[in-house]
Every structure is written in C-alpha cells, then in structure tokens.
Amino acid sequence: MKINRLPAPTWNRLKVNATEVNAVRPNKAAGYEEKLPEGVDKIHGRGIGPLSDVTIKTGLGEEFDKFIEDAGFKPEGYVVSDEEKIETPLYQTFDVKGNDASVALFDYSLSDNAELTVIQIVKDEDNESGVFFVQNKYRLSKGAKLTIVQIQTLSESKEFYNDIGGYVSDDASFNLIQIVLGAKNNYYGANACLAGKNSALNLAVAYSLKNDELLDMNYVADHNGKNSESDIKANGVMQGRANKLFRGTIDFHKGCAGSKGAELEDVLLIDDTIVNKTVPLILCDEEDVEGAHGATIGRPDESFLFYMGSRGIPREEAYELLKRAKIDAVANLIEDEKTKTYIAECLDRA
Amino acid sequence: MKEKTHVDDIDRSIYDFRFEDKDAYKVSEGLTEDIVLKISEEKNDPEWMRDFRLKSLKLYNEIQVPDWGPSIDGLDMDNIVTYVRPNTERMHTDWEDVPDDIKDTFERLGIPQAERKSLAGVGAQYDSELVYHNVKDEVAKSGVVYTDIESALRGEYADMIKEKFMKIVPPTDHKFAALHGAVWSGGSFVYVPKGVHLDIPLQSYFRLNAKGAGQFEHTLIIVDEGAYLHFIEGCSAPKYNVANLHAGCVELYVGKNATLRYSTIENWSKNMYNLNTKRAVVEEGGKIEWVSGSFGSHVSYLYPMSVLNGKGARSEFTGVTFAGEGQDLDTGTKVVHNAENTSSYVNTRSISKSGGINTFRSSVVIGPNAHGSKSAVSCESLMVDNESRSDTIPSMDVRCADADVGHEAKIGRISDETVFYLMSRGLSEADARALIVRGFADNVSKELPLEYAVEMNNLISLEMKGSIG
Amino acid sequence: MSELLSVKGLKAEIEEKEILRGVDLEVGDGEVHVIMGPNGAGKSTLGSVIIGDPRFEVTGGSVFFDGEDITGESPDKISKKGVFLSFQNPIEIPGITLGNFIKTALEMKTGERIKLWDFKKKLKETMEVLQMDPAYAERDLNVGFSGGEKKKAEILQLLMLRPKLAILDETDSGLDVDAVHIVSKGIEEYKKQVGGALMIITHSTKILESLKVDKTHVLVDGEIAVTGDASLIEKINNEGFEQFIRKED
C-alpha cells in the first residue's frame, strides 16, 4: 500500500510523493500498561461524543486507515466531558514483544473545554523483528485541549507505524510531541483538521537516527477555520546510513482568513552516508493568511567546532552535545517532569 | 465598508496583434512519423538528425504526461501544427530584406530599435524558422558565433552540435523533451571562445504568429573557459481561441571559470501551453545566472535547471512569476550539486491575482561528493486577492554531511497598513498597490538591463492598474 | 628547564595571506606576558594559532607546550594539555547552555563524570566572584549575552577549567569601567587559585593594574619587534608604536 502521500505531488523521480510499504497484517491487539486518571471514561469501541460523526483523515492516509480497519480490531475510546480539565496525564506504556504484528487503536473525544494529556511510551526489551501499529484519532469540541506525547525507543529490528488524525473545533487545540530514538523503520503521519475558528495545532518532533534507521514522516495542517494557527517543528540528528524524509504541509483552504502557519526544520548531519530529504509545502487558497517555513540542514560550522575544541571538547563530543540539545529543545515542551526524566535516562543510556 | 480595488485584466494589446499567416509551408496537424519525416526533409537534416527525430517520436508516444502539475488536458496534439515555415526564403542579416509583415511585427516589439541601441547581436524567430540573425562586426571578429542552429548543423561547428545536441536534456527526460526532439525547428547556436568577455548582451526573440501552431526552437550555447556572455530571450504571441504550444529546449554549457547570464522575459498569450525545458551544466569555477520573468501563457511548466559539475561551480536563480486570470503557472528551478564547494542561490517571487494559480516548485540535490557545498533558497508569494491561489512545493535531498542548506518560504498579502501609509502620502490605492507589487518583484527587475526592467515594470503596472469600485 | 610555552619562528597565513612572519616567544610557568602592537599586527592570530584555529595554516616554525610539540594539533587536544584562549568575540551557540557546556568541557578534561550537585555548587560560587546572575548557567551559551556578559562567561570558563596557560585576547576591549573591574578580579582570582601563566593581548593597561607583568612584547607586522619588562607598557602608552614600525627604505 501507499502511505504518507504528499498533499500536492511533485516530480516522481524525487521519490517523495508517497511511500510504498509492504506491511504485514496486524494479528494481535497490543498489550500495554495504563494509568487512567480520574474523570476519563474508557469504553471499548469508538469514543462517543458530539463529534462522533465527523470523518477523520490521518497522516499515514486512507489506504493505511482501510488496512487497519480491515484487520478487524476495535479502538479503545476515551471520553472527557464538558469543562473537565484532567490534570494527571493518561500514561500508556507499550512493551513491544516478539515477532508479532501488534496493533493499538485509540479514539479520544473531548467535549467543550475539556483538557487531557496522553503520554505514550513505546519500547521493547528484545531484539525480535516485530511490527507495531498505533493509531490515535481525536475529536476536540469547542475550547478543548488534547496533548499527546510519544516517546519511542524500540530496538533496531522493529518496524513502527504511528498514525494520527483528528478534528479541532473553535478555540480548541491539539498538541503533539514526538521523540523518536529507535526502531529500524519508522512511519509517522499526523493530520489536523483545523476546522474551528482560533483552532490550533502545535507539533514538535525530535529524532536521532543512526545506522540503517529510516524515518518517513507526513504532517499536515489543514486550515479551514478563521484565525486558525499551526506550528510544526522538526529537530533531528542523522548519523550512519540513516534515511529521513520529512513532509510537512500547511494547507490554507478557502475561508480560513486570518490564519497563520509556520514550519521549521533543523537537521544536524554527521556522516556522509545519510540520506536526508525535506519537502515542506505551503498550499494557499486564501488571501489573508501568513505562512512561513524554514529549514536549516547541515553540519555546524567550523567556528563552532573550533570554539568547542578550544575548551577541550572534541568533535564527537561536540556533536553529542548538539544532538542532546536538539532533543532537549523538544523534550522541554513536555510539562510532565517524570516523562522528561524518562527521556533523559533513555538518552544517557544511548 | 472598505473599498476594494478592482484590477482589470492585463492589457496585452502591444503583444496581441497578428497578421494573417501567409506561411509558405505548413505540415498538417497532429503528430505522425510522416509528419516528422516531412519536417526532417523540409529542413534538410543530416541523417543522424533524422534518426534522432524518429527515435524521439517513439519516446514521445511511450512517455506519459506528467501526473503532478497543472492540467494540460486542453492541449490536443492532434490539433497542433508542429511546423510552420514563414513566407521567406531564407534567413536575413538585414531587416530591409525581411518581409514587411514579419518586419512590422518585430518593429512593434521594438527589436530592431533595441538592436541598434544596446545589443551585440539579435536573432528573431517567426513561427518555426529564424527570419533574422545578425551580430555586430566587432563581436564577430572576437570569434563569437551567433547563428541559427540549422546553419550551424551544416557548418564549421557541425561536430560540436552533434556532440552536444540534447545531451543535457535528453529526449528521455520527459514527454515534451521527446516531442522537442522529434519536431524541433529554429533557435540559436552561440559559441563564445575562451576568455572572450562580451560586455553587451545577445538577444533572441521568439514570436509565434500562426494559429494553433507549436514552436519548438532549440537554443544551444557554449561559453568556453573564462568567457562571459549575457543572453536575453524574449517570447510573445498574439492570442487565439485555440491552444498554442511552446516546447522549446535550452542547453547551456558553461566552461571552466566562465559566466553565463541567461535572462528571459516571457509574455506568451494566454492560450499558450509553455512546456519549456532549460538546463545548464557548469564546470569548475563557472557560474550560471538565471534571470526569469514569467508573465504570459495559459499553462507553464518551467524549471530552469543547473547542474554544478565542477568544483566551486555556482548558480544563481532570480525569478518572478505573475499569474493572472486564467493562468496556471508552475515555475521554479532545479539544482544538482555534483562537486565540492559548489553553491546555489535561489530567490523567487510570485504574484497571484484574479483567479491566477501560481506554483513555486523546486528541487535541490546535494550529492555525496558535494562536500562543503551551500544552497540557499528563498521564495515569497503574494496573494493580491481572494480568488487566486499560490502553492509552494520545494524539495531538498541532502546526501553529504558538511553541506549547508537553507530554505525559506513566505506567503502573504499586501498589508493594509502599507497601502494606508502610501495613501497618506498622496498615492491612489491602485498606485499604492502597483508600487508595492513592483517593489515585491524588484529582485528580478534590478537584475535586468534597464530597458527590460522598464518593460517588466510596465507589465506589472498594466496588470495592477484598475478602477477603484 | 624547558619553558611552559615556546614559540619558535612561527609563521602562519590565512587565505594565502601571511599574518605571522616568524614569531619567537617563551613563557615560563606562572609568568605574566603582555602582547601589544598596532591593529593588524597579528596579535589575535598568534593566540588563535597557538590554540590550533583551523582557519590558519602554519607555514613554518613550531609551538611547544609543556615540552611537547603542539604545532598543528587539534584545538581540543591543545586545550586538554592546559591552554585556554579567551576569545575576543566568543560565538553564540543556541541549544547548549553555559552550564552544560562547562560541565562537558570539565568532563572531557578529567575523563570522569562529574556529580551534578558538586558541579552546580562550584559553578554558582564562581559566578558570584564574577557577579554573574546564576540564571545565566541555564541560558544558551552567549546567545543574547551583552558584550560584558560574554567576556564574563569566558572568564568563568577560565576559572572553572583551570588551565596552565591563559591567553586573553582583548578581554577588556569594549567593556565599561565596572565590567573591566570584575574581569580583572576574575583574572586575579585565576592567578591566586591556579597560579597559571598569562598571555594578555591588550590595548589598555587597566586590566594589568593588579598584575605583576614579567615581560612585554611588541608585535609589529607579524614579528616581535621588541621585548621588554613592564616599563615598556608605559613607554608605549606615552609614545605609541611608531618607534617600532620599520621605515620603508
């Protein structure tokens, strides 16, 4: 199947328009540990709320969505009612075991002015070549705020499909923080339909890729509501023969007057054997908008390395510091101290 | 309630005149092997060229139309006349010998006047053939060759052409490159010898007069080691209610430490499908400078490409695209960094108005050998009203760690505050907007020779001028 | 006994332009040397070349430190041997905090992990000496620092890293009176705590007031024109460099 389709295609020979994958069909519901905070209702099946009928587009795309649906697994629904602001995060820890193709599907439904933070930790303790699919769909009513934090430290034999999509009403906001530290093949996609006025998407991803790791991304902010805002940031470090493709799209649809979108990518390249592709799109069908993107790609300049060197810090260690800095910049957006400590521990171990 | 500026469609009357096509010879519409053979015969091709055309035609029939850009459904090759020879026996070197209606066309476009004033040489193509070609004596004396490509094919430089013709843009590249290979006609050959620095520009002007016809001129320029050339290309056509096609091909060889500046002001009429391919290969220490203003055509696919093959080779691309009513202009650039310490600099502006669609498309590739290379791309888009569209589709592919790649894109509108400020200084709203848009496009206008900058600014002003209602 | 720093016939160029044309200089343990000279004489280049700035190419001569040839070594190796350069224009490094940077540098020097608590305490104390707001430890290195704060951050690193030789390149330039006073205090503190040698590149004498200067060198056109004792400083201040500049025949 083809996943991560670029919303507006470009030259086929660049091989960025979509990614062809040959995924095994999920054969097992993933097990996970969960700490469910008070005030969140969990139901088996789709989340029930005022926006239940809204169709959700996800980042990995329609073919993937159908593929998951055909496998016949049911999502877990989480519902937060009006005005409920859940302070304690919902923690979910996935220990991906064995050679299975396991799947976890979640459906979040937040009513007016509800707030929730979900922290998903994806890890493993073996070296088996398993596949893990996770899909998060969300529907946010007026003024609701959902934050999803994902930290992935799988071993280099695993394949990971991480698909997100949702609908954001007036004054609601969706925040997504992703830290990518492992797995052989990573397919990440996230779509936010900014339907309401003043709706917002804040997306930050940090990755550290080494050896033969692959990270294939597709992030889309669909601006439909007036004065909607999106902010997409990607920070990363690439070593070895790592392969990365970043697709980021700000799509201003007709009627989204007053909207703003910004995309920023910052990639540190360490070895000459990497393949680093970046495709940042701005599509604009509306006059009164502001869109911007920027990308900085490369090695730090010699004056940086010289300054570091003059303080006794060799090249490798200077890179290490920078790598840490890039990931910390994203990790610091996480409010939960416990999670920040967890990330620091993962980085120290690496 | 705030008053809106109504902006009229551009006044193209200065380009939109036409003469009955009294062409001496034209092939039938459509594209078959017979037609290609007829063109080949008519042009008295060497044998290798005839074979090349047939091979290209085969490729044309095999390659699919692009599935990623603006629609070209309105273009039906069965209705395009691929070869129209104007009613003049041969190419002239004196305007007095050019038939009156054709001469009149170029006079209205100001070409002979410009030649007298500020050009080192001029070539003028009318439909499928060059009708005029001339270089100043002192330029010719320095060894510079500027001629039509057909004469060059049979003359002193025949081998050079055979070696270089459609090597940078092979017919396999895409469907319209294959088409070009099959039916190309006209265009210029320029050779600037080692160390020759041409201070004044050469210009070619392409005029497509015949209804429902295609223009497929081939431009081949070789700037030898340490030489300098500024080449200016202008294009226009009257408007017909049927599709016209332009699928030219430009191949530029920039030698070691040589510099070529290639400027284009394109103002095809709005029934034109402009599917043009331009490419430069730059050797060590050489530099290609593209200056590109795209104002006309119904649909454009235009991405001048720089292949930086030698150490320290550089490319600069400065472009402006103005898409008005009924226009879908897909423009941009491609750069391939193939050697150490190469650099590319891209600066583009696009303006969308009255339902026009603008797409900026780019590709920067930094190969594994391009250590120490730099690339900076900056593109800005201006939405003049709420009926138009502007997309930015850049791509970067970096395979070398010590490269420095930067990219910036911005999209926005004319700020009310700026318009207000200018109006408070006494400008009308229309003048204020025109001034802002001209300023927005100054990346290109300040790179052009004065006469062309003035022409470009006039085009913008015409486009922006309207009644307040 | 060999000198701590021994520069012999050092020649260096940048982009094929020769800046140092044969510099000879010896600095003993704990000595204080002052380098003066007109603009463009190569003073900063000398400091940069000693620490191994890759922009410069050493075309002749040698630099020995602590008995070892460090000519052409990489800056981190030279730094680890105990040479420190306080930069005239320290660069800004977004993303890396001042505190984390110094900690890493210290760990590199000692080859051991440093306990965060001990480090923070020591850093805080040292920042107090320099009247620096402790919040600066959490700020990105030099990013948004004023000129004075950047120089203080350099001296902070000097005090934390405790090198055997500190080269101070115009550390006092562009600072107001108070800042010069604080920076001087920091240098004094370095002499007191570490007792290392100093090579001070300067235009002014304010920073030297509390130090006992052993030798003064005047660098003109890439060569040492004259070497003297502390009294040379006053002489130059009164008479300028004119006397040392070779007249064209």
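Strands here are DSSP runs of E, at least two residues long, numbered from the N terminus. With that in hand, let's start the tour; keep in mind that this is a predicted model.

**Stop 1: a serine in chain A.** Select residues 229–238 of chain A and you have strand β17, where A:Ser230 is found. Is A:Ser230 buried or exposed? It counts as buried, because 29 C-beta neighbours lie inside 10 Å and the cut-off for buried is 20 or more. Now show what surrounds it. Beyond its neighbours within four places in sequence, A:Ser230 is in contact with A:Leu194, A:Leu201, A:Ala221, A:His223, A:Ile250 and A:Gly261. For a sense of distance, pick A:Gly45 as well: it sits 185 residues from A:Ser230 along the chain, and their C-alpha atoms are separated by 30 Å.

**Stop 2: where chain A meets chain B.** Colour these two chains separately. Their contact takes 37 residues from chain A and 33 residues from chain B. On the chain A side, the elements giving two or more residues are β20 (275–284) and β21 (290–298). Select β20(A) to see the largest share, 10 residues. The chain A side as a whole divides into 19 nonpolar, 9 polar and 9 charged residues.

Next, select β21(A) together with strand β25 of chain B, residues 404–413. The two strands pair in the antiparallel sense over 8 bridges. Zoom in on A:Gly294, and opposite it you'll find B:Glu408 in β25(B).

**Stop 3: where chain C meets chain A.** Bring chain C into view. Here 19 residues of chain C are in contact with 17 residues of chain A. To find the chain C side, try α2 (75–81), β7 (93–97), α3 (98–110) and α5 (147–161), each of which supplies at least two residues. By class, that side of chain C has 10 nonpolar, 5 polar and 4 charged residues.

**Stop 4: two domains in chain B.** Go back to chain B and colour residues 25–302 as domain 1 and residues 415–469 as domain 2, following the domain assignment. How far apart are the centres of these two domains? Taken over C-alpha atoms, 32 Å separate them. Each domain of chain B puts 9 residues into the contact between them.

To look at the domain 1 side, select α4 (111–118), β13 (259–267) and β16 (287–294) of chain B; each supplies at least two residues. β13(B) gives the most, with 3 residues. Colour this side by class and you'll get 5 nonpolar, 4 polar and no charged residues.

Terms used: Residues numbered from 1 in each chain as written. Chains lettered and ligands numbered in written order. Predicted model: local features only at pLDDT ≥ 70, side-chain atom pairs only at ≥ 80, totals over all residues. Contact = placed C-beta atoms within 7 Å. Helix = DSSP H or I, 4+ residues; strand = E, 2+ residues; numbered from the N terminus. Nonpolar A, V, L, I, M, F, W, Y, C, P; charged D, E, K, R; others polar. Pairing = 2+ DSSP bridges. Buried ≥ 20, exposed ≤ 12 C-beta atoms within 10 Å, placed from the backbone. Domains from an automatic or database assignment.
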